[in-house]
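Here are some short questions about how terms are applied to one model. Each answer sets a value against its cut-off.

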Amino acid sequence: MKKSIEISPNIETLFGTRDENVRLLEDGLNINIDLRSDSIDLEGSPRDVARAEQVFADYDHLQRSGFTFNNGDLGSMLRVVLADPKTTLRGLAEAGRQRSFGRRTVQPKSVNQRRYLEAIENHDMVFGIGPAGTGKTYLAVAMAISALLAKRVNRIILARPAVEAGERLGFLPGTLQDKIDPYLRPLYDALYDLLEPEKVDRYLEKNVIEIAPIAFMRGRTLNDSFVILDEAQNTTSEQMKMFVTRLGFNSKAVITGDVTQIDLPNARRSGLLEAAEVLKNVEGLTFAYFDDTDVVRHQLVQRIIRAYDEHKAKAAEPLPLLDSRTNGKANGTEMAPGQNSSLSSSEVETNE
């Protein structure tokens, strides 16, 4: 099927650098896009051509309504649209605009990220599980700020287990806050990226935003709060049970973690792994899973995660059984000419 659509004003901004977005649409929808001086020709199956036409129409509508795309958001949103036929560019953009994330516009960069944001909106407790760099913590903090600015909650509480990554740092100098700050620095980074520094400092000073190790959660009831537990793979079973039972009225909780990077001492069982088994059928909470395709850091990180997964899968494979000839050689029953066995049983006994 062939179809021509008119070129609307500034539609060329949809094409991207060196027409990268056009190639993305061609590969994702299996169509041909021919850019002419006065029209855009689409060729492919009727369904795919209709989806491409919808993308161009949505982009034109968003431009006319004053929507702007920043920091490669358009390419990321197009990938989400291509991966999920039920998603439209207009619907995705307008859903993001309805949320207030402070000084940044935060758009999901994969289907799993979009489902994660929707899960946080629709459930009181969400577990985000996946590898590093998939946006689990950043998106959770963004949703917490959105809820705070919209006055749906009165405060944000960010917690983390104080566990070193394979090292023993010993006693840190300074006050209690000085000692725990290094463990909580990634949460500060997300806050300062999403809000003006002055506003973050003011919220921290007034305890509107509270950052603390998970050990400080014992005995509390968290009402009207958005609570985030980061690096949950490093919680013990007791800590996880304690945390998920802190939730009060009009509150949300998001628990994030990467089960491939557990740093618990003495190989203790991760509370996140146990929670994934114990709570999987509990009504009112949900689990959102990520994989290497959701990584939004450097592309090299995605390839590194995939390489580790492949290595782990190979290491788990059973060794191939040795055939009878190999067994014979291993037992010394079949020797090459002139080759002597190492030690006889009597020699071994004597040496022992």
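Q: What makes a residue count as buried in this predicted model?
A: A residue is buried when its relative accessible area is under 20%. By that cut-off, 42% of the 352 residues of the protein chain are buried.

Q: Why is strand β5 called largely enclosed by the rest of the structure?
A: Strand β5 covers residues 155-160, and 5 of its 6 residues are buried. Each of those falls under 20% relative accessible area, so the strand is largely enclosed by the rest of the structure.

Q: How do you know that β5 and strand β7 pair?
A: Pairing needs at least two bridges. β5 and β7 (residues 225-229) have 5, so they count as paired, in the parallel sense. One of the bridge partners is L229 in β7, matched with A159.

Q: What makes β5 and strand β6 a pair?
A: Again the cut-off is at least two bridges. There are 5 between β5 and β6 (residues 209-213), so the strands pair, and they run parallel. I156 stands opposite I209 in β6.

Q: Which elements have the lowest and the highest mean pLDDT?
A: Helix α13 (residues 345-351) has the lowest, 42, and strand β4 (residues 125-129) the highest, 96. Over residues 322-352 the pLDDT is below 50, and this stretch has 10 contacts beyond near neighbours in sequence.

Q: How many residues of the protein chain reach a pLDDT of 70 or more?
A: The share is 80%, and the mean pLDDT of the protein chain is 80. On a scale from 0 to 100, that is the predictor's confidence.

Note on methods
Residues numbered from 1 in each chain as written. Predicted model: local features only at pLDDT ≥ 70, side-chain atom pairs only at ≥ 80, totals over all residues. Heavy atoms only, no water. Buried < 20%, exposed > 50% of the residue type's maximum accessible area, 1.4 Å probe, protein only. Helix = DSSP H or I, 4+ residues; strand = E, 2+ residues; numbered from the N terminus. Contact = heavy atoms within 4.5 Å.
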